[in-house]
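Thanks for coming, everyone. I'll take you through one structure this morning, strands and salt bridges before pockets. Please look at the screen.

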Amino acid sequence: SKGNITITANGAVGGGLSKNETELNPKGYWITGKTSSYRVIVNKDVRTTITLDNVDITVTAFDCIEVSHAYVTIILVGKNKLYCDCPTASHDKGGCAIGKNGMDGELVITCENSDEEGHKCDDSCGSLSAKGNPAKLDICAIGSSLRGTKKAGEAGFSNFTIKGGNIEASGGGHSCGIGAACMSQNFSSGVGYAKNITISGGNVK
């Protein structure tokens, strides 16, 4: 990777593109490669599909992939690894392997074949290892980050569906594999929490 990839309402920018896009690609975005320096961000209200093809991302601040307030489907191809090594219990630079802050937006994770009638995921389906450093506190694997808990509209994790894929999600210390950051409901005066989490396919552990 040659920089953060940001998907905006007007298309993708950064990530080594020779020229920024001027409109959103209706076919979505295919991402591959390995980085320990950059991440993927989908801006607020953007509706898009991202295919992860043997992606390996490690971050030391914020989220490997951030989809807060967006409407995103992630399709898994091959073996994908997202590892969040953010500072422990950080309200400034905290993050997740996949971060989705706030009670709006939607995130779906699936394999390539989940829409086929009778499909059941096996080892041939795409996989995702989403993890937070177990030695550090308050890093969810797939969920909301601690940095959003004290900001209006940023607390909580909702509207998440797994339709397919082989997924392993494990958070850091005192953190969930899938769900809202610690103390989300308390810090947000009750408006931010985990809600509408559905697993309808795939293999999850």
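Start with β11, which is mostly covered: 5 of its 6 residues are buried. Buried here means under 20% relative accessible area, exposed means over 50%, and partly exposed is in between, with a 1.4 Å probe and protein chains only. Strands are DSSP runs of E, at least two residues long, numbered from the N terminus.

Before going on, a word on the source: this is a predicted model, local features need pLDDT of at least 70, side-chain atom pairs count only at pLDDT 80 or more, and totals for chains, interfaces and linings use all residues. Residues are numbered from 1 along each chain as its sequence is written, and side-chain values use heavy atoms, with hydrogens and water left out.

Back to β11. Which strands does it pair with? Two strands pair if DSSP finds at least two bridges between them. β8 and β11 run parallel, joined by 6 bridges. Within that pairing, K81 has S129 in β11 as its bridge partner. β11 also pairs with β14, again in the parallel sense, over 5 bridges. There, S127 is matched with N166 in β14.

Next, the open sheet. It has 7 strands with mixed pairing, in the order β2-β1-β4-β6-β9-β12-β15. Its edge strands are β2 and β15 (178-179), and each pairs on one side only. Inside the sheet, 2 bridges join β6 (residues 65-66) to β9 (residues 98-99), and these strands run parallel. I65 has I98 as its bridge partner in β9.

Now the salt bridges. I count one when a side-chain nitrogen of Lys or Arg is within 4 Å of a carboxyl oxygen of Asp or Glu. How many are there in the whole structure? The search finds 6.

Take D63 and R147. Their side chains meet in a salt bridge at 2.9 Å, N to O. D63 sits in the loop between β5 and β6, R147 in the loop between β12 (142-143) and β13 (157-162), and the two are 84 residues apart. Both D63 and R147 are buried. They also belong to a network of salt bridges that links R39, D63, E66 and R147.

Second pair: K136 and D85, at 3.0 Å, N to O. K136 is in the loop between β11 and β12 and D85 in the loop between β8 and β9, so this pair ties together parts 51 residues apart in sequence. K136 counts as partly exposed, because its relative accessibility is 23%.

Last, the pockets. On a 1 Å grid over the protein atoms alone, a pocket is an open set of points where a 1.4 Å probe fits, with protein on both sides within 12 Å along at least five of seven lines; lining residues have an atom within 4 Å of a point. A volume is the space filled by probe spheres set on the points, which are joined across faces, edges and corners.

The largest pocket holds about 320 Å³ of space. It has 21 lining residues, and the closest to its centre are I5, G15, W30, I31 and T32. β3 gives the most to that lining, with 7 residues.

The second largest pocket has a volume of about 170 Å³. Which strands each supply at least two residues of its lining? β8, β11, β14 and β17 (203-204) do. So we end with β11 again: S127, L128 and S129 are among the lining residues.

How values were computed:
Helices (H or I, at least four residues) and strands (E, at least two) are DSSP runs, numbered from the N terminus.
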